[in-house]
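User: Hi! I'm new to this one and would love a quick tour. Could you pull it up for us?
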Amino acid sequence: MKSLEELRALREKMKSQTDNRSVAGADETVIKVGMATCGIAAGARPVLDALLEEADKRHLHNVSISQTGCIGMCRLEPIVEVFKDGQKYTYVHMTADKARKVMNDHVVNGNPCKEYLISEN
Amino acid sequence: MRELALNILDIAENSLSAGAKNIQIGLKADTQRDEMEIRIADDGCGMDAEMLARVTDPFTTTRTTRKVGMGLPLFRFSAESAGGDFSVKSEKGKGTEVCARYKIGHIDRMPLGDFGGVVLQLITMNPDVDFFVTAEFDGEKGVLDTKEFRAVMDGIPLNAPQVRVFLRDYIQENLVTIYGGRL
């Protein structure tokens, strides 16, 4: 069973490592997932999970993923906003698979997935 | 909403937007009495009696973008359509407590769903808020208190990736196994 003892060991381990995250700065990509009633009901949770999982798998240190309230276009939920290179990209009708593709193509490789953008829908 | 866990997430989001710093989530099931209870309590800004009286009306919301708010009505519906009942208590400046009760065996009771995943999401997405989560099933009880984690971690945020992995396993072993797939 996981215990606080184990957490203490983890803390010591983490303190001895240098944190790459604090090095990342201006080139940070910010991702926000709408997580109000509309988003949750439309399936925003699996989308958020997929994004976190993908960021974890690829050890992306310059990506911050968070949730936000109602973005205002409930019928287009789940909505994912990506803030990258000083621009905002709004992806709509997202699924876990689409989220993984956005992570690969856009966040990592810099090619926005045009077909999922709000302007195409 | 197809899972009660999603309702919990949604109601806890209300607590967060009410500025809560401490949120309690309680899940309690008693198979002898065929009853299950979900309780979410916070120390947010609360609401006055007038707001409280119409808070489960879908045409009541604090949002200014539109006139509907479906969170509490959907949660209420989930309980009342499953042989249970629903209550909201609130005091301005003190906080709010939402409680939904269900008949476990009722055919229209939605499954609990990914309760552990929701708890993990709430904690890691709101690393500055304290959560106290309990799961009780026929007398067995599991507890998670982020204050304990915070004391141990000494400044390392609870949303750091390694900590998240720990939390995921902790939730699985201390909360989810209590009711394990039976709700």
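User: Thanks! Let's start with H59(A): is it buried or exposed, and why?

Analyst: Happy to help, and keep in mind that this is a predicted model. H59(A) counts as exposed because it has 8 C-beta neighbours inside 10 Å, and the cut-off for exposed is 12 or fewer.

User: Where does H59(A) sit in the chain?

Analyst: You'll find H59(A) in the loop between α3 and β2 of chain A. Its phi is near 50 degrees, which is a positive value in a residue other than glycine.

User: Which other residue has a positive phi, near 45 degrees?

Analyst: That would be H93(A), again a residue other than glycine. H93(A) is in the loop between β4 and α4 of chain A. For background, most residues other than glycine have a negative phi.

User: And how exposed is H93(A)?

Analyst: H93(A) is partly exposed, since 15 other C-beta atoms lie within 10 Å.

User: What about peptide bonds, where is the cis one with omega about -5 degrees?

Analyst: The cis bond joins E77(A) and P78(A). P78(A) belongs to the loop between β2 and β3 of chain A.

User: New topic, the sheet! In what order do its four strands come?

Analyst: In chain A the order is β2-β1-β3-β4, in an open sheet with mixed pairing. The edge strands are β2 (63–68) and β4 (87–91) of chain A, each pairing on one side only. On average, neighbouring strands of this sheet are turned by 20 degrees against each other, direction ignored.

User: Is the pairing of β3(A) with β4(A) parallel or antiparallel?

Analyst: Antiparallel: β3 (residues 80–84) of chain A pairs with β4(A) over five bridges. If you want a spot to look at, V80(A) stands opposite Y91(A) in β4(A).

User: Nice. Which strands does helix α3 of chain A lie across?

Analyst: Helix α3 (residues 44–57) of chain A lies across β1 (29–34), β2 and β3 of chain A, and runs at about 160 degrees to β1(A). Helix α4 (residues 96–108) of chain A packs on the sheet too, touching β1, β2, β3 and β4 of chain A. The direction of α4(A) makes about 10 degrees with that of β3(A).

User: Last thing: how many residues of chain A are in contact with chain B?

Analyst: 23 residues of chain A are in contact with 29 residues of chain B. Elements giving two or more residues to that side of chain A are α1 (4–16), α2 (37–42), α3 and β2 of chain A. The largest share, seven residues, comes from α1(A).

User: What kinds of residues are on that side of chain A?

Analyst: They divide into 11 nonpolar, five polar and seven charged.

How values were computed
Residues numbered from 1 in each chain as written. Chains lettered and ligands numbered in written order. Predicted model: local features only at pLDDT ≥ 70, side-chain atom pairs only at ≥ 80, totals over all residues. Pairing = 2+ DSSP bridges. Axes fitted to C-alpha atoms, helices over the stretch in contact; angles between N-to-C directions. Contact = placed C-beta atoms within 7 Å. Nonpolar A, V, L, I, M, F, W, Y, C, P; charged D, E, K, R; others polar. Buried ≥ 20, exposed ≤ 12 C-beta atoms within 10 Å, placed from the backbone.
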